[in-house]
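Here is a short note to read alongside the model. The points are numbered and grouped by topic.

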Amino acid sequence: LALALVLAAAPLVDVEAERLARGEVVLHFAEVPGSDYPVATARVLVDAPPSRVWPIVADCERTGEVMPDVATAAVVAERGGTSRCTVVVDLPFPLGDLTSVTRAALDVRPGQHWQRSWRLVTGDFTVNEGFWRLEPSGDGRTIATYHIDVRPKTPLPAWLVSFIQRAKLPEMMQRLRRAALVRQTTLSAVAR
């Protein structure tokens with residue numbers, strides 16, 4: 001069964017396009033009625049085509065390459081175009097690690113978008129759903145969007161949630177840029 005996940009990320013507007021062109025990581029937050037945790041969207045312009053960035057975000061086991069504080073990430077099952085992925089996030093002391101098992105689906109439409117969407121199956125969250133979406137920028141680069149709605153079962157302090165969103169999301173997007181650049185450089189060297 002294909003996983004149908006419909007999440008609305010903030011639309012790309014001219015001001016945002018200018019910020020992306022300057023190398024900024026653009027963040028958007030939307031309040032969720034009844035939740036202490038906002039839905040977050042982060043965007044960045046990556047200096048590589050989507051086909052080079054895609055292997056980094058499509059593979060659950062590579063989650064730790066870009067996502068800070070991931071202790072482990074592993075595919076636990078694959079079936080019918082979906083996969084189950086277990087991720088353990090190492091939170092700062094004295095908080096314990098958070099584990100989630102999510103079901104992910106891939107939607108690849110070359111020239112339009114490459115998307116990996118996920119939804120919680122079980123774990124230390126009441127909600128954990130989101131997506132990575134890659135779109136061609138028109139100049140050989142990629143607009144990468146990360147969209148996440150995550151609500152841990154154990155309440156986290158407001159300062160920690162703010163820190164994670166305001167510091168860790170930009171760090172994650174910068175790590176994606178670096179991983180794509182390393183991949184592109186490595187592939188270019190192999191092609192010679």
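**Notes on the predicted model**

1. Start with a turn. Strands β6 and β7 are joined by a hairpin, with one residue as the link. The two strands run antiparallel and share six bridges. Within that pairing, tryptophan 118 has glycine 130 of β7 as its bridge partner.

2. A word on confidence, since this is a predicted model. The average pLDDT of the protein is 87. A score of at least 70 is reached by 88% of the residues. Residues 1–8 are another matter: pLDDT stays under 50 there. The model has 21 contacts beyond four places in sequence for residues 1–8. Read those contacts with the pLDDT in mind.

3. On the other side of β6 in sequence comes β5, residues 98–109. β5 and β6 pair in the antiparallel sense, over 10 bridges. Alanine 104 stands opposite tryptophan 118 of β6. These two strands also form a hairpin, with three residues between them. Glycine 111 sits in the turn and has a positive phi of about 85 degrees.

4. Next, β4. How many bridges join β4 to β5? There are eight, and the strands run antiparallel. Cysteine 85 stands opposite threonine 102 in β5. Strand β3 (residues 70–79) is joined to β4 by eight bridges, and this pairing is antiparallel as well. Here glutamate 78 stands opposite serine 83 in β4. The hairpin of β3 and β4 has two residues between the strands. In that hairpin, glycine 80 takes a positive phi near 50 degrees.

5. Is β4 enclosed or open? Seven of its eight residues are buried, so β4 is largely enclosed by the rest of the structure. Cysteine 85 lies in this strand, residues 82–89. Its relative accessibility is 1%, under the 20% cut-off, so cysteine 85 counts as buried.

6. The structure holds one disulfide. Cysteine 60 and cysteine 85 form it, with an S to S distance of 1.7 Å. The pair links distant parts of the chain, 25 residues apart. Cysteine 60 is in the loop between α2 (50–58) and α3 (63–66), and cysteine 85 is in β4. Which hand does the disulfide have? The torsion about the S-S bond is about 70 degrees, so the disulfide is right-handed. Cysteine 60 has 3% relative accessibility and therefore counts as buried.

7. Now the rings. There are two aromatic pairs. Tryptophan 118 and tyrosine 146 make a tilted one, at 5.8 Å centre to centre and 35 degrees between the planes. Tryptophan 118 lies in β6 (residues 113–123) and tyrosine 146 in β8 (residues 142–152), so this pair ties together parts that are 28 residues apart in sequence. Both tryptophan 118 and tyrosine 146 are buried.

8. What about tryptophan 132 and tyrosine 146? Their ring centres are 4.8 Å apart and their planes are at 55 degrees, so this pair is tilted. Tryptophan 132 lies in β7 (residues 125–136) and tyrosine 146 in β8, so the pair ties together parts 14 residues apart in sequence. Tryptophan 132 is buried, with a relative accessible area of 4%. Tyrosine 146 has 6% relative accessibility and counts as buried. Ring pairs link Trp118, Trp132 and Tyr146 into a cluster.

9. Last, the nonpolar core. The largest one has 40 residues. Val46, Trp132, Tyr146, Met172, Met173 and Leu176 have the most contacts inside this core. Which element gives the most to this core? Helix α4 (residues 158–191) does, with eight residues. Methionine 172 touches Trp132 and Tyr146. It also touches Val66, Met67 and Pro68, not counting residues up to four places away in sequence. Trp132 and Tyr146 thus recur: they appear in the ring cluster, and they are listed among the core residues with the most contacts.

Conventions. Residues are numbered from 1 along each chain as its sequence is written. This is a predicted model: local features need pLDDT of at least 70, side-chain atom pairs count only at pLDDT 80 or more; totals for chains, interfaces and linings use all residues. Side-chain values use heavy atoms; hydrogens and water are left out. pLDDT is the predictor's confidence in each residue, from 0 to 100. Contact means heavy atoms within 4.5 Å. A nonpolar core is a set of buried Ala, Val, Leu, Ile, Met, Phe, Trp, Tyr and Cys residues joined through side-chain atoms within 4.5 Å. Buried means under 20% relative accessible area, exposed over 50%, partly exposed in between (1.4 Å probe, protein chains only). Helices (H or I, at least four residues) and strands (E, at least two) are DSSP runs, numbered from the N terminus. A disulfide is a pair of cysteine sulfur atoms within 2.5 Å. Rings of Phe, Tyr and Trp (its six-membered ring) pair if their centres lie within 6.5 Å; planes under 30 degrees apart count as stacked, over 60 as edge-to-face and the rest as tilted. Two strands pair if DSSP finds at least two bridges between them.
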